[in-house]
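Biologist: Could you take a close look at one part of this model for me, the place where two of the helices pack together? Some context on the rest of the chain would help too.

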Amino acid sequence: MSDKSRSGAPTVSEDDFRYRGNRLGLPEDGSGSVPGVMRRLVGLALDWALSAMLVWAAIRLGLIGQELAAAAAAGGDPEAIALTNFTTMSTLVVFAAMNLLLLTLFGTTVGRRLVGVGITATGERSWPWFASMAVRTLLLCLVIPAVVYDRDTRGLHDRAAGTVATRF
């Protein structure tokens, strides 16, 4: 037995963490590297804001929620709460549909594109791209899997889908 193994000193393996994405074979910085958490959060916030604006416009144009909007305008807390709940759930549905469609077609969404972030397959899953994006979007909408992440800052939603966020 060597002195290192007896002393309990940790051995450095090839899989050891050096920077975000090194275990996935991604560069440390520049195009193809793993972006920071703040950049991804800004992209997520932009996507959510766009979804909320689309729902707000649809309600204003009378395309959805006409009865709730009229009841809330007439007054009353229950009606206002119902309209708020309807708007929030509608925003989530639009957000999910927008993510699924845009990620499947382009590998990014409007908000992510504005901050220079895309989604890339890691090769961990042999699923079709649409299936990976459906799993990723569903888990992202549940929120908790997205905020639990590893040293590479891959959330559980990315790990489940076999994807990673990368810079353009």
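Modeller: Sure, starting with the whole chain: of its 168 residues, 33% are buried. Keep in mind that this is a predicted model. The protein chain has 8 helices and 2 strands, and from the N terminus the order reads α-α-α-α-α-β-α-α-α-β. If you take the contacts with a separation of 6 or more, 67% of them come from residues 24 or more positions apart.

Now for the helix pair. H2 covers residues 37-60 and H4 covers residues 77-106; their axes lie 8 Å apart and the packing angle is about 120°. That angle makes H2 oblique to H4, because anything outside the parallel, antiparallel and perpendicular ranges, the last of which is 65 to 115 degrees, counts as oblique. As for handedness, the two helices cross in a right-handed way.

Who meets whom? On the H2 side you'll find Leu 44, Asp 47, Trp 48, Leu 50, Ser 51, Ala 52, Leu 54, Val 55 and Ile 59. H4 brings Phe 86, Thr 87, Thr 88, Ser 90, Thr 91, Leu 92, Val 94, Phe 95 and Met 98. Sorted by class, this contact has 12 nonpolar, 5 polar and 1 charged residues.

And the strands, for context: S1 (residues 117-121) runs antiparallel to S2, with 5 bridges joining them. Val 117 sits opposite Arg 167 in S2. S2 itself, residues 163-167, is mostly covered, with 4 of its 5 residues buried.

Conventions: Residues numbered from 1 in each chain as written. Predicted model: local features only at pLDDT ≥ 70, side-chain atom pairs only at ≥ 80, totals over all residues. Heavy atoms only, no water. Axes fitted to C-alpha atoms, helices over the stretch in contact; angles between N-to-C directions. Parallel < 35°, antiparallel > 145°, perpendicular 65-115°, else oblique. Left-handed = near helix turned anticlockwise from the far one by under 90°. Contact = heavy atoms within 4.5 Å. Nonpolar A, V, L, I, M, F, W, Y, C, P; charged D, E, K, R; others polar. Buried < 20%, exposed > 50% of the residue type's maximum accessible area, 1.4 Å probe, protein only. Pairing = 2+ DSSP bridges.
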